[in-house]
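Q: Please look closely at one strand in this structure and at the strands that pair with it. Then set that part in the context of the chain and of other local features that deserve attention.

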Amino acid sequence: MRVLAAMSGGVDSAVAAARAVDAGHEVVGVHLALSATPGTLRTGSRGCCSKEDAGDARRAADVLGIPFYVWDFADRFKEDVIDDFVAAYAAGETPNPCLRCNEKIKFSALADRAVALGFDAVVTGHYARLEDGVLRRAVDADKDQSYVLAVLTAQQLSRAMFPVGDTPKPGIRAEAAERGLAVANKPDSHDICFIPSGDTRAFLGAKIGIRPGAVVDADGQVLARHEGVHGFTIGQRKGLGLPGPAADGKPRYVTGIDPDSGTVHVGSAEDLRVRTIEAERAIWTSGSAPAGPIECVAQVRAHGGTAPAVAESVDDGLIVRLREPLTGVARGQAVVLYRPDPQGDEVVGSGTISGTVREPVASETGAEAAR
């Protein structure tokens, strides 16, 4: 096939491109310029898409002997990823920008341009596996990225290739070194790529501004003041500005966020236990929703946060009833469903979390338990 290799300048995408060449495909490398003012150098493992990254990608392409281009997607990235990220936090949600980038940039805008230019597929260095159109977890559980790819439709998956998902990360680095790729020992990127400082609260504060509000407990008592709900997420324990723990000596956690009133609710760890997840924008990797409820394993964070569940398609969304409670479940995150077979690695579908119902305690009514 004629394939376009998205080359970030890191080791994973370089080896993915190399494996596509080895497989006999006609490969062209492309680096996505996602910032209108890219930095010259990366700061260790923070940030990406710098001029240094573009140079690393170009050198890897030279070693592989493939054509290489830089495509400017800065405006599209700002609109579909950065602006979406800021708006979600302003609305009291906790978005995952990697999901949105995969959905809107790499496997939509980039893939659409690739197809228009006659390419058959887009190759990336994501840690996941595609087998007969089925998206599965990577062999390396610590690096698995199937969660952030679960937003892709069956059509998008049909023109994707993930060549490194069958190999643990140390093996990828060793292979890169054997191939003479200078990025073999380059640090992985961490945190959010467009916030190289790592200070998400400061980044959001500069974009959103000060919107003061109160931090209150379950009784409505004001415990502290804050400068904006964008500084908080469900399950957060530190940085709440509280004078100390609760009266029983236990720590407090963010249990709810009301962006309209600017109120941040705090409570105990038990208050975070969720039994039901409501989600919108459901995506089923098979291309169609199941006819009825299905047994599955639900995952609510990129790493960890899984529980057996029963999921059901409802209109354009889904309802996930957890057999075991999960904590730290926030609006704006994705809930990803995996098939509950012995391997547990096949992605069934996903949705964007729009609401939760927490596990009630004995003293509460059903209405009091819903948050």
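**Strand S11 and its surroundings**

A: Strand S8, residues 213-216, pairs with S11 in the parallel sense, and two bridges join them. The model is a predicted one, and the description that follows should be read in that light. Within the pairing of S8 and S11, Val 215 stands opposite Val 264 in S11.

S11 also pairs with strand S10, residues 253-258, this time in the antiparallel sense and over five bridges. In this pairing Val 254 stands opposite Val 266 in S11. S10 and S11 together form a hairpin, with four residues between the two strands. Gly 262 lies in the turn of that hairpin and has a positive phi of about 75°. S11 itself covers residues 263-267 and is mostly covered, with four of its five residues buried. In general terms, strands of a sheet pair through backbone hydrogen bonds, either parallel or antiparallel. S11 takes part in both kinds of pairing, parallel with S8 and antiparallel with S10.

The positive phi at Gly 262 leads to two further residues. Most residues other than glycine have a negative phi. Arg 281, although not a glycine, has a positive phi of about 55°. Its place is in strand S12, residues 274-284. Arg 281 counts as partly exposed, because its relative accessibility of 37% falls between the limits of 20% and 50%. Asp 315 likewise is not a glycine and has a positive phi of about 55°. Asp 315 is found in the loop between strand S14 (306-314) and strand S15 (317-326). With a relative accessible area of 75%, Asp 315 is exposed, since the limit for that class is over 50%.

Arg 281 also appears among the contacts of another arginine, Arg 100. Arg 100 lies in helix H4, residues 97-116. Its relative accessibility is 12%, so Arg 100 counts as buried, the limit being under 20%. Leaving aside neighbours within four places in sequence, Arg 100 is in contact with Asp 80, Val 81, Asp 84, Ile 105, Arg 281 and Thr 352.

A second buried residue with a charged side chain is Glu 346. Glu 346 is found in the loop between strand S16 (334-338) and strand S17 (347-358). Its relative accessible area is 14%, and it is therefore classed as buried. Not counting neighbours within four places in sequence, the residues in contact with Glu 346 include Val 134, Leu 135 and Arg 136. Leu 337, Tyr 338 and Arg 339 are also in contact with Glu 346.

Pro 293 lies in the loop between S12 and strand S13 (294-299). This proline is exposed, with a relative accessible area of 54%. The C-alpha atoms of Pro 293 and Val 310 are separated by 6.3 Å, although the two residues are 17 apart along the chain. Apart from residues up to four places away in sequence, Pro 293 touches Val 310, Ala 311 and Glu 312.

Elsewhere in the chain, five strands form an open sheet with parallel pairing, in the order S3-S2-S1-S4-S7. The edge strands of that sheet are S3 (68-72) and S7 (160-161), each of which pairs on one side only. S1, residues 2-6, and S2, residues 26-33, run parallel and are joined by five bridges. In that pairing Ala 6 stands opposite Val 30 in S2.

For the chain as a whole, the secondary structure comes to nine helices and 17 strands. The radius of gyration is 22 Å, close to the 21 Å that the globule rule gives for 371 residues, so the chain is as compact as a globular protein of that length. The C-alpha trace spans about 65 × 45 × 35 Å along its principal axes. Buried residues make up 52% of the 371 residues. Among contacts with a separation of 6 or more, 64% are between residues 24 or more positions apart. The accessible surface comes to about 16,700 Å², and 49% of it belongs to carbon and sulfur atoms. The chain has 40 positive and 49 negative charges, whose mean positions are 3 Å apart.

Definitions and conventions:
Residues are numbered from 1 along each chain as its sequence is written. This is a predicted model: local features need pLDDT of at least 70, side-chain atom pairs count only at pLDDT 80 or more; totals for chains, interfaces and linings use all residues. Side-chain values use heavy atoms; hydrogens and water are left out. The radius of gyration is taken over C-alpha atoms; the globule rule is 2.2 Å times the number of residues to the power 0.38. Buried means under 20% relative accessible area, exposed over 50%, partly exposed in between (1.4 Å probe, protein chains only). Contact means heavy atoms within 4.5 Å. Accessible areas come from the Shrake-Rupley method with a 1.4 Å probe; for residues, only the protein chains shown count as cover. Lys and Arg count as positive and Asp and Glu as negative; His and the chain ends are not counted. The place of a charge is taken as NZ of Lys, CZ of Arg, CG of Asp or CD of Glu. Two strands pair if DSSP finds at least two bridges between them.
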